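Me: I would like to learn how to read the features of a structure one at a time, with the general idea given before each case. Could we start with burial?

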Amino acid sequence: MTKPAASPSKSAMRFCGSCVLWMVCWTLWIGLTVSLVMLLYVATAKELPVPNFVLRRVETELAKADLKISFGRARLDPKGQILLNDVTLSSPRYAEPLISSRIVYLRRSFWSIIAGDPIPDEIKLEGATVQLPAMLSPSGTAERLLSDVVVAIRHDDRLWQLDQFTAHLGPLAITATGETLLSPRPRGQAPITISELTTLFLRTSRRLATELPRLDALSEPSLALKFEHRAETGSSTVTALFTAKSIENPLNQPLAAGPLFVTATLPLHRSNEEVTVQFFTAVRRGEYQNQYSADTVRAIVSAQFLPSQFSFKWTDALIAAGTGSAHGQKIHGPVVRVAFGEWPALRTEVLAQVRGEFLAAEIDAQLKAQTARVHAEGRASHQVINEVLSEITPRAAPYFVFGDPVTFRADLTLGPGWKFVSLRSHAEGGRLDSRGVGITELRGRVDIDGNSFLAHDAMLALNENHARGSYWMDFETTDYRMLLNGQLRPTVINGWFRGDWWLIFWNSNFDFNAALPNADVDVQGRWRDAAQTSYFGRAGAATATVFGAEFNAVHSLIFLRPNFTHALEVRGSRAAGQQELAGWFKRFTNPVTNETNRITFSVDSTVDADTYLKMTRGKAAAVLDGLQFKRPARVHAEGSIDGEWPGAVANLRFNGRAAGGLHFYDYPLDTVQVSGAIAQGDLKLDDIQFTAAGGKGNGTASLSGATAATRVLAFDVKLKSADLPSAIRSTMEFQALRNNSKTPAGAEDIIKRAAGGKLDLSLSARGQPGELASFTGNGEANLTGANLGEIQLFGLLSQALSKLSLNFSSLKLDTAHSTLRLNRGELHFPDLRISGSGAVIEAHGDYIFDSSSLDFTAKLKPFEENRNILTAAIGLVITPITSILELKLSGPLNKPNWSVNVGGSAKPTETTAPPTTSDTLPKPETPDKPAN
């Protein structure tokens, strides 16, 4: 069957389609041929010029960030690598380029181009330099930041491989190698632009330029970076190693150290979680201010690292050293831990060994406020303390020379500006030489507030001496105050007082060697001025020597300063408490010689005479030489002693009472009560009340004269109703003591025969004490109540008269009276009258003290006092006979001799006393009562 013929329209369309297909095939073949030719050219050619459109595109993108790139030559490698020579990257705003590089090598793979990745697959730079324009530089000139930069870096997607990086940041040499995986940018966040990179670059460079001068303190510094990526964990890290040969005066601080090594490993990811990192540091030797040093230092510094911001928050540091030194002291194995967690607050712990002793400290510091609190404890070597004190406080060092280690706890406070505020501490130690004061043990608390130093709750031992108390001092004024309580000899702390006045005072007035005194004292003054030193204290001792006299118990309350002493209260007892002394005194000394030149005092005492002599250094001898007490007198005295020894002169008033018997210049007295004064060395007794021989007396006396040769004793005394036997006994005792002889034999019989007699006596005399022969004076004596005829003296008279046929059985004499004159050792009786109911004897004569002898002439008048008719008649007969008789009495008192002269011409009839024994003495007869 014949096919129908095609329509013209369909034929035309078929023809057109075949033509188009032919043209496409030929075009494809021509393109492929051209491409093949081009590929053959590229494959056979070594380099190609970079197409202009590529360069223009780069310039356009940089212009958007206000940057301009220029280079000397640009070539395209047939392998897709671009090589640029003499490249500079600059900004129209600055005259100087930002980055320059001798060679820049870029490589991009075909697939990265297809993927549209703008970052080359590989970048290399050689001879690159990064600098900060002059407009932004702190110095005002273009400042080179990085120099001699060589970089070789490539990446595969987000994994970057740093094959090589070397550069110099100032003197710091930097090297880096390794690989890392860059974190993807958060979803929705636009890619970083060139403009943002430029801004970041300029800001970082400017900050870096500011810090760059600090690197000048480093010698040969270097920084090596090692980047690592762990595929199994997907984490990337960088390990940094910083080294320097030495570091000198960083941040203008007097610090020197080196060699120095620091290493740390940091995570590289964009996490917002903090990660703990540690910096390991090693320094062979470091020095600070030429006073502190450390060798073989190792440190671990920890920080909280925020990767997303690449910021550090330092938390703590652990530092250890082999050895160290501070102020010349060797420190072994110091360990320091510093906590930065609350920056700018620091907490530091220190542990070290110094001279074999361990010390520990905790420090809380506020760096912004520049304040700190320090707690330290341990045991400090005494050599260290002594050397440090000598260096930092040379004036105080002599008071703190330790001989043993000191155990302590201390809390120190520093105020703003690191200024000292206070110190609280407790210390215990052994031997301490405090300016010659040999302390053997000590413990207590020490508080320092500003310039105020206070040692309290303190205990000191100085061998057997020990005390508790406190010590305060102002460092600025050197004022001080010391409160002590314990058993302490004052002389052992002499070293605390300038000069020797303290030692002189105590050694010259007190001796506590027998027993430790109990003391409670307050010493204060100013170290710079010894004249302001004062002592106020209460002391007591079981046994002590005070002013040369020994006491069993002593108590005193004394205020003392240089050249002045005020004993507000002094009490002492001796002789098992039977003798006591109490009172006060003030002592003034010469400021040049430290010799005593005045003493004022008031004292009540019952001590014996020897004690007075010792305490007054013999100045009481003038008063006490003539007194011998059987029992110490009770005395109150007050006054002054003026002048320096031995020429001091006493001026005082006193009163006293002596009971129990005493001798006044060998004459026995029963009791004496006196009041008087001593002025310019002269003694004056204004009122004397005494008892002697059973009678009572009163009077006055004075003793004057500077020497024994010129001394004069004057007295005026009256004695009433003295017992005649006692008076005779006292007189005989006085004579025996004066003549250094025994009481005459038969004295007791004489005393018995004088029973019942009463004696009234008054006498005023003056002479040299102790020399009876030098006395002259007048007096009067009355004798009543005794049967004088029974006395041996008149009994012998009766015997003498009997030989003349005048036999008087008893003279019956009972009254005697005479005035007295004392002259050169003789007692003269100018008008002696002896009377009684039987007779009257009128006599005159002398009694010689040296020989105890009598020399009297007498007249006998019988019945003179008893007139009646009988006696008158007898008197008419006897009177003519007795009127021609002269009686003579002579011989010693214990063996008197009566003689009778008749008419004054015949040989006297003598009657000598027989031996005075009780058998030979006639028995006393009781006289008849006379008739009225």
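Reply: A residue is called buried under 20% relative accessible area, exposed over 50%, and partly exposed in between, with a 1.4 Å probe and protein chains only. Ser246 has 19% relative accessibility and therefore counts as buried. This is a predicted model, in which local features need pLDDT of at least 70 and side-chain atom pairs count only at pLDDT 80 or more, while totals for chains, interfaces and linings use all residues. Residues are numbered from 1 along each chain as its sequence is written, and side-chain values use heavy atoms, with hydrogens and water left out.

Me: Where does Ser246 sit, and which residues does Ser246 touch?

Reply: Strands (E, at least two residues) and helices (H or I, at least four) are DSSP runs, numbered from the N terminus, and Ser246 belongs to strand 13, residues 246-248. A contact means heavy atoms within 4.5 Å; leaving aside residues up to four places away in sequence, Ser246 touches Ala217, Leu218, Ser219, Ala257 and Gly258.

Me: How should I read the pairing of strands, and how many bridges join strand 46 to strand 47?

Reply: Two strands pair if DSSP finds at least two bridges between them. Strand 46 (residues 682-692) and strand 47 run antiparallel and are joined by 8 bridges, with Phe690 having Gly697 in strand 47 as its bridge partner. The hairpin of these two strands has 2 residues between them, and in this hairpin Ala693 takes a positive phi near 55°. On to strand 48 (residues 712-723), strand 47 is joined by 9 bridges, again in an antiparallel arrangement, and the partner of Ala701 in strand 48 is Phe715.

Me: Which side chains of strand 47 point to the buried face?

Reply: Along strand 47 (residues 695-704) the side chains alternate, so to read this feature one follows every second residue: Gly695, Gly697, Gly699, Ala701 and Leu703 point to one face and are buried, while Lys696, Asn698, Thr700, Ser702 and Ser704 point to the other and are not.

Me: What is the order of strands in the open sheet that contains strand 31?

Reply: This sheet has 3 strands in the order 31-34-35, with antiparallel pairing. Strand 31 (510-511) and strand 35 (549-551) are its edge strands, each pairing on one side only. Strand 31 is joined to strand 34 (residues 544-546) by 2 bridges, and Asp511 has Thr545 in strand 34 as its bridge partner.

Me: How many aromatic pairs are there, and what does one of them tie together?

Reply: Rings of Phe, Tyr and Trp (its six-membered ring) pair if their centres lie within 6.5 Å, and planes under 30 degrees apart count as stacked, over 60 as edge-to-face and the rest as tilted. By this rule the count comes to 12 aromatic pairs. One of them, Phe453 with Phe475, is edge-to-face, at 5.9 Å centre to centre and 65° between the planes. Phe453 lies in strand 28 (residues 452-462) and Phe475 in the loop between strand 29 (465-474) and strand 30 (479-487), so the pair ties together parts that are 22 residues apart in sequence. Phe453 is buried at a relative accessible area of 12%, whereas Phe475, at 36% relative accessibility, is partly exposed.

Me: Which residues form the aromatic cluster with Trp314?

Reply: Phe279, Phe305 and Phe312 join Trp314 in one aromatic cluster.
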